[in-house]
Amino acid sequence: MADMSVLVSDFITRKLCQNEGCLDYGQLYQTICDNIRPISEDPQEMLFDVLTKNSRFVIVEGKEETDAGCSMAPDSLVVPKTSLRLCQRLPGNCDNCGDLHLCRYFVCGFCRYRKKCKNCHDLNSDYNMAVLKREGLQNLEQAELFLLLLQNDSYLLPEVCMHYNRGAGQHGDCRFKGECTNLHICMEFLLGKCQSNGCRRAHKFDPKATKILSGRGISPENRSILHRIYRNRYLITSSMKTSEKPTTEQSCLRSKNTSTVKEADKKTICLFFIRNQCTYEEKCNNVHFHLPYKWQTLVHEDSTWTDLPNIEDIEKDYCNPENDTSTGYFTVDFRTMMCGSAKVRRLSTVSSVTKPAGFILTTEWLWYWKNDQGQWTQYQHEVSGKAPCSITSKNLEVAFQDDANSAVLLSKGDQRYVLSFKGMHELSIELQTKREVRRRPRFLSALEVKKILES
């Protein structure tokens, strides 16, 4: 049964990628029944198990009435998901990072340098094939794999301007207007939800947007289905978040009359403010602070968050996985996020894996496991004196951003483990032993931040 599940999972991924990255459950079920026989004694149950118990798929519940013997509405949408990404480092500067070594323009459909390009165009290289086999994607055709990457890797496609989608002006609330490097297009249109005939936002790519897309290497073929790719990417992103935490796209679609976000509700530090480039001042949805991290405590008297003193010292202690608490007068317990009887929170810039390489001062998260000697070891392919690990901190962070409640499989030498994000531990499949896991950021001092900005 396990082999059949893998076979069906691979088949589903291929079919979804062949059909612009998604299919209705009813269509998918019929396609599988027509091509894989016998699928099982109960094909409905088999398909449902493969889709719901596999991290490779996102399901958007439909509205049609569920058929007899079926646990899913026929119009439910199925979208393929992957944690695989492209390496963002320059050629020759990376060694076994675990990401694909491919030219981003080649993946997007058009590289003007073609065979003269310094970046890799060989999907079948030994390194890339090893990465694909690790992810179980080695059977995908090139076009299928590239579509899967476009829907999942935020490094490849330009972002839609969130400020353009707010406000009543020609460019919404975007103060960069015609100089904006993000796409000025109606987000509701891309998601297939815009019902307004009088919508002021663009419903097609104008010359400026076309220039941005061409600069990213988006081929005309991909451009023709870009609305579907963005819609699928949005559905994948939405599935990663809990209902209590709105996605970036949802935040972007607030009404133009929405008031400024309360300071207490802001959780992310503004990347543009750190570079002195944010023009939205109090209207900005993010926190304005001069460092990419900030520690605060909740004052119960007036229910406000107040900055803790010695923020840099607390951050330095937190970045060391060996520390359960910070040093100094105001001691923060990192396990409970409490300072005495007061709640504590850490604000930071977005994770580095969610932004293209050009964004500076994003937060690089590192993952560690506690070995039998009580020492904390970072997840990386080459472990000094130990058997190599099949996964890196970056791989784990990508998977964590995809679904913080999921688990991933990994290996160290001949030992296999299941790492649970929810429980923050890894469990040995063979020995059933459990080890603690921690996720901590890479430390940046205020001086280092200053040097990065000056460079």
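Two strands count as paired here if DSSP finds at least two bridges between them. Strands themselves are DSSP runs of E with at least two residues, helices are runs of H or I with at least four, and both are numbered from the N terminus. With that in hand, look at strand β8 (residues 365-370), which pairs with strand β9 (residues 376-378) in the antiparallel sense over three bridges. One of the matches puts W369 opposite its bridge partner T377 in β9. Five residues sit between the strands of this hairpin, and G374 takes a positive phi near 80 degrees there.

Before going on, a word about what you're looking at. This is a predicted model, so local features need pLDDT of at least 70 and side-chain atom pairs count only at pLDDT 80 or more, while totals for chains, interfaces and linings use all residues. Residues are numbered from 1 along each chain as its sequence is written, and side-chain values use heavy atoms, with hydrogens and water left out. The pLDDT (the predictor's confidence in each residue, from 0 to 100) averages 86 over the chain, and 89% of the residues score at least 70. Go carefully around residues 242-261, though: pLDDT stays under 50 there.

Back to β8, which also pairs with strand β13 (residues 434-441), again antiparallel, over five bridges. Here W365 has P441 as its bridge partner in β13. The strand is mostly covered, with five of its six residues buried; buried means under 20% relative accessible area, exposed over 50%, and partly exposed in between (1.4 Å probe, protein chains only). Across the 455 residues of the chain, 45% count as buried.

Now for another sheet. This one is open, has three strands in the order β1-β3-β2, and its pairing is antiparallel. On the edges are β1 (23-24) and β2 (57-60), each pairing on one side only. β1 meets strand β3 (residues 77-80) over two bridges, and L23 stands opposite V78 in β3. Helix α10 (residues 226-239) packs on this sheet and touches β2 and β3, its direction making about 90 degrees with that of β3. Those angles run from 0 to 180 degrees between N-to-C directions, using axes fitted to C-alpha atoms, for helices over the stretch in contact.

The aromatic side chains are worth a stop too. Rings of Phe, Tyr and Trp (its six-membered ring) pair if their centres lie within 6.5 Å; planes under 30 degrees apart count as stacked, over 60 as edge-to-face and the rest as tilted. That rule gives nine aromatic pairs. Take F106 and F146, an edge-to-face pair at 5.2 Å centre to centre with 80 degrees between the planes. F106 belongs to helix α4 (residues 104-108) and F146 to helix α6 (residues 142-152), so the pair ties together parts that are 40 residues apart in sequence. Both rings' residues, F106 and F146, are buried.

W295 and Y318 are edge-to-face as well, at 5.1 Å centre to centre and 80 degrees between the planes. This pair links strand β4 (residues 293-299), home of W295, with helix α13 (residues 311-319), home of Y318. Both W295 and Y318 are buried, and together with F334 they form one aromatic cluster.

Finally, find N128 in helix α5 (residues 126-135). N128 is buried, with a relative accessible area of 0%. Contact means heavy atoms within 4.5 Å, and beyond its neighbours within four places in sequence, N128 is in contact with L100, H101, L102, C120, D122 and L123.
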